[in-house]
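Reader: I am new to this structure and would be grateful for a close look at one part of it. Please take the largest pocket, and then proceed outward to the parts of the chain that surround it.

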Amino acid sequence: MSGIYLASQSPRRKEILESIKVDFEVLQISYDEDSQKISESPIEFVERNTKEKALAASALLQSTKKIIKPVLTADTIVHLDGKVYGKPMSEEQGISMLMDLSGQYHSVITSIVVAQIKDKKSEDVDLILNSVETHVLMRSLSANDCKKYWNTGEPLDKAGGYAIQGLGSTFIEKIDGSFSNVVGLPILETSQLLDQIKVDYWLTKTS
């Protein structure tokens with residue numbers, strides 16, 4: 001089988017799927033991510049949000065005339081000592097996030113879900129989930145470092161307020177685990193999920 005829907009607006013996830021030559025179409029969904037519940041661990045929080053996004057995408061797909069194909073979605077969070085850091089909404093918040101992470105190891109978790117719909121009439125949706133955690137050591141930063149970085153514009157739509165694949169790489173001293181996970185979609189685990197549902201990658205164009 002070839003072809004999936006990507007239920008994510010993240011340009012990083014789109015680029016990663018393109019890099020391993022997956023045939024995919026972006027499926028635009030309307031979903032407001034919930035906030036972390038007091039009783040939830042970071043991994044429980046990210047897995048719940050990703051499952052709910054996958055179900056919202058599946059419901060949308062069933063209500064349209066689109067061809068039924070598997071739906072892949074993902075969510076990435078940064079956390080330190082159980083506190084989840086989302087996307088900064090202001091300069092003050094962005095600088096505060098980086099100062100919290102400065103000189104410490106933090107964790108990046110991406111939850112990936114593949115949803116499979118049996119047919120348009122069935123309400124049954126099979127969800128396959130995998131979550132990946134990477135430990136990242138950020139070098140010690142000054143408030144001026146953080147302000148200069150904020151002024152580049154890069155931190156705005158990044159969980160934790162930095163992009164490891166961009167200018168933020170200059171802040172990263174060490175990572176333990178998957179680099180692509182920190183970017184937003186772990187390549188190894190994503191390809192394993194695609195293998196599991198028999199979706200091809202490494203596709204080459206034929207003339």
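Author: The account below begins with the largest pocket and then turns to the cores, a helix and several single residues.

The model is predicted. Its largest pocket has a volume of about 670 Å³. The lining of this pocket consists of 32 residues, of which R13, E33, D75, T76 and K87 are the closest to its centre. Several elements give two or more residues to the lining, namely the helices α1 (11-19), α2 (42-62) and α5 (179-183) and the strands β3 (71-80) and β4 (83-85). Among the contributors, β3 provides the largest share, with five residues. Sorted by class, the lining has 16 nonpolar residues, seven polar residues and nine charged residues.

Two of these lining elements, β3 and β4, are joined by a loop in which G82 is found. G82 counts as partly exposed because its relative accessibility is 34%, a value between the limits of 20% for buried and 50% for exposed. Setting aside residues up to four places away in sequence, G82 touches Q36 and P42. The C-alpha atom of G82 is also 6.7 Å from that of S41, although 41 residues separate the two along the chain.

A further loop, between β2 (24-26) and α2, holds E40. The relative accessible area of E40 is 12%, so this residue is buried. A polar atom of the E40 side chain lies 3.0 Å from the backbone nitrogen of K37. Beyond its neighbours within four places in sequence, E40 is in contact with S35, F45 and R48.

From the pocket the account passes to the nonpolar interior. In soluble globular proteins, nonpolar side chains tend to be buried together. In this model, the largest nonpolar core has 38 residues, and those with the most contacts inside it are I4, L98, M138 and Y162. Y162 offers a useful view of the surroundings: leaving aside neighbours within four places in sequence, this residue is in contact with L98, L101, H106, V108, V136, M138, Y149, I172 and V182. Another core, of ten residues, lies apart from the largest one and has L27, A54, A57 and V113 among its members.

Helix α6, which spans residues 187-196, has E189, T190, S191, L193 and L194 as buried residues. An α-helix has 3.6 residues a turn, so residues three or four places apart point the same way. The buried residues of α6 pack against the strands β1 (4-6), β3, β5 (105-117) and β6 (125-138), and also against α1. Two of these partners, β3 and α1, are also elements that give two or more residues to the lining of the largest pocket.

The segment after α6 contains K198 and W202. K198 has a positive phi, near 60 degrees, although the residue is not a glycine. W202, likewise not a glycine, has a positive phi of about 55 degrees. K198 counts as exposed because its relative accessibility is 63%, and W202 is exposed because its relative accessible area is 65%; the limit for this class is over 50%.

Two loops at the ends of β6 complete the picture. On one side, the loop between β5 and β6 holds E123. With a relative accessible area of 75%, E123 is therefore exposed. The C-alpha atoms of E123 and E133 are separated by 32 Å, the two residues being ten apart along the chain.

On the other side, R139 is found in the loop between β6 and α4 (143-150). R139 counts as partly exposed because its relative accessibility is 30%. The C-alpha atom of R139 is separated by 5.6 Å from that of F171, a residue 32 places apart from R139 along the chain. F171 is also one of the residues in contact with R139; the others, leaving aside neighbours within four places in sequence, are S102, G103, D145, T170 and E173.

Notes: Residues are numbered from 1 along each chain as its sequence is written. This is a predicted model: local features need pLDDT of at least 70, side-chain atom pairs count only at pLDDT 80 or more; totals for chains, interfaces and linings use all residues. Side-chain values use heavy atoms; hydrogens and water are left out. On a 1 Å grid over the protein atoms alone, a cavity is a set of points where a 1.4 Å probe fits but cannot get out, and a pocket is an open set with protein on both sides within 12 Å along at least five of seven lines; lining residues have an atom within 4 Å of a point. Grid points are joined across faces, edges and corners, and a volume is the space filled by probe spheres set on the points. Helices (H or I, at least four residues) and strands (E, at least two) are DSSP runs, numbered from the N terminus. Ala, Val, Leu, Ile, Met, Phe, Trp, Tyr, Cys and Pro count as nonpolar, Asp, Glu, Lys and Arg as charged, and the others, Gly among them, as polar. A nonpolar core is a set of buried Ala, Val, Leu, Ile, Met, Phe, Trp, Tyr and Cys residues joined through side-chain atoms within 4.5 Å. Buried means under 20% relative accessible area, exposed over 50%, partly exposed in between (1.4 Å probe, protein chains only). Contact means heavy atoms within 4.5 Å. A polar contact is a pair of N or O atoms within 3.5 Å; within protein, one must be able to donate a hydrogen and the other to accept it, and residues adjacent in sequence count only if both atoms are side-chain atoms.
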